[in-house]
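Visitor: I like to see how structural labels follow from values. Could you walk me through this one, setting each value against its cut-off?

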Amino acid sequence: MLLGWGAGAIGVGAYFFLTPYLSPPAEPGNISSPTLAKLLNESIDAAIARMHPTHSPGLIPEAAANSRAFLKEVSEVVARCSKGRFEPGQKYNKLEYHLLRADGVRYEPIYTGLRCHEETLIFRAVFKDGRVAEAFTDGSERQYPVGQVRGAVGEFGKRVTWSDRDYHPARYYVPPPAQPTQADIAKQWE
């Protein structure tokens with residue numbers, strides 16, 4: 001009985017240890033998809049149009065322009081699953097966006113809020129002057145109507161454009177009020 005539990009524990013441990021090696025995250029293909037590039041740019045435009053204090057209270061009026069400037073720093077975004085295709089629909093197999101800046105700096109992966117499954121669109125978006133110049137896939141998006149793919153990549157613009165606010169909040173929000181100095185606090189108690 002003890003031997004069975006030990007073998008089971010070793011099997012589970014081996015599964016978790018070897019899965020990243022046996023089933024690495026899928027890489028995008030090398031088929032150019034101009035229509036997908038257009039849909040990704042539409043998604044970015046929609047996200048930036050909502051970057052205004054009337055739509056998002058707390059933002060500064062320059063937030064949209066600052067986001068456009070940030071996008072000019074991005075060289076590519078790769079959408080991929082955190083685990084390989086052997087893990088479809090698994091709770092921990094997240095769809096992530098991996099951003100690479102033009103200077104070679106990689107940002108932390110951005111979790112999209114979606115889980116990967118067999119139909120998940122894996123792609124590489126190459127940026128030029130703040131716009132998606134080219135998108136590359138394995139061609140799997142062509143088996144679905146454009147409207148369905150538009151919905152699948154709808155969060156792309158929001159996730160990518162808003163990712164900069166975590167690194168540079170001053171580009172998007174009014175700075176917090178200055179903390180009172182010890183002298184200011186002492187004056188309050190006089």
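Visitor: Which residue of β6 is the bridge partner of K128?

Guide: In this predicted model, K128 is bridged to R131 of β6. Another bridge joins R124 to F136, again in β6.

Visitor: What makes β5 and β6 a pair of strands, and in which sense do they run?

Guide: Pairing takes at least two bridges. Strand β5, residues 123-128, and strand β6, residues 131-137, share five bridges, so the criterion is met. Their sense is antiparallel. The two strands form a hairpin with two residues between them, and D129 in that turn has a positive phi of about 55 degrees.

Visitor: How do you know that β1 counts as a partner of β6?

Guide: β1 and β6 have two bridges, and since at least two are required, the pair qualifies. I31 has T137 of β6 as its bridge partner, and the sense is antiparallel here too.

Visitor: Why are β1 and β4 placed at the edges of the sheet?

Guide: The open sheet has six strands in the order β1-β6-β5-β2-β3-β4, with antiparallel pairing. β1 (31-32) and β4 have a single partner strand each, so one side of each has no neighbour in the sheet.

Visitor: Which helices pack on the sheet?

Guide: Helix α2, residues 34-49, touches β1, β5 and β6, and its direction makes about 135 degrees with that of β6. Helix α3, residues 63-73, lies across β2, β3, β5 and β6 and runs at about 80 degrees to β2.

Visitor: What describes the packing of α2 against α3?

Guide: An angle of about 150 degrees, with the axes 9 Å apart. The crossing is right-handed. From α2 the contact uses I44, D45 and I48, and from α3 it uses A64, S67, R68 and L71.

Visitor: Now to the rings. How many aromatic pairs are there?

Guide: Five turn up in a search of the whole structure.

Visitor: Why is the pair of Y97 and F156 called edge-to-face?

Guide: The ring centres are 5.3 Å apart, which is within the 6.5 Å limit, so the rings pair. Their planes stand at 80 degrees, and over 60 counts as edge-to-face, so that is the label. Y97 belongs to strand β3 (residues 94-101) and F156 to helix α5 (residues 154-167), so the pair ties together parts 59 residues apart in sequence. Both Y97 and F156 are buried.

Visitor: What makes the pair of Y107 and Y167 tilted?

Guide: With centres 4.4 Å apart and planes at 45 degrees, this pair falls neither under 30, for stacked, nor over 60, for edge-to-face, so tilted is what remains. Y107 sits in the loop between β3 and β4 (110-115), and Y167 in helix α5, 60 residues apart. Ring pairs also bring in F70, making a cluster with Y107 and Y167.

Visitor: Are Y107 and Y167 buried or exposed, and how do you know?

Guide: Y107 has 10% relative accessibility, and since buried means under 20%, Y107 is buried. Y167 comes to 38%, which lies between the 20% and 50% limits, so Y167 is partly exposed.

Visitor: What makes you say that the charged end of K94 sits over the ring of Y111?

Guide: The charged end is 5.2 Å from the ring centre, and the distance limit is 6 Å. The label also requires a position within 35 degrees of the ring normal, and K94 over Y111 was assigned that label.

Visitor: Why does V74 count as buried?

Guide: V74, in strand β2, has a relative accessibility of 3%, which is under 20%, so buried is the class. Leaving aside residues up to four places away in sequence, V74 touches L99, L100, R101, A102 and F127. From V74 to D103 there are 29 residues in sequence and 8.6 Å in space, C-alpha to C-alpha.

Visitor: And for the protein chain as a whole, how many helices and strands are there, and what share is buried?

Guide: There are six helices and six strands. Of the 190 residues, 36% count as buried. Among contacts with a separation of 6 or more, 67% come from residues 24 or more positions apart.

Methods. Residues are numbered from 1 along each chain as its sequence is written. This is a predicted model: local features need pLDDT of at least 70, side-chain atom pairs count only at pLDDT 80 or more; totals for chains, interfaces and linings use all residues. Side-chain values use heavy atoms; hydrogens and water are left out. Rings of Phe, Tyr and Trp (its six-membered ring) pair if their centres lie within 6.5 Å; planes under 30 degrees apart count as stacked, over 60 as edge-to-face and the rest as tilted. Helices (H or I, at least four residues) and strands (E, at least two) are DSSP runs, numbered from the N terminus. Buried means under 20% relative accessible area, exposed over 50%, partly exposed in between (1.4 Å probe, protein chains only). Contact means heavy atoms within 4.5 Å. Axes are lines fitted to C-alpha atoms, for helices over the stretch in contact, and angles run from 0 to 180 degrees between N-to-C directions. A crossing is left-handed if the near helix is turned anticlockwise from the far one by less than a right angle, and right-handed if clockwise.
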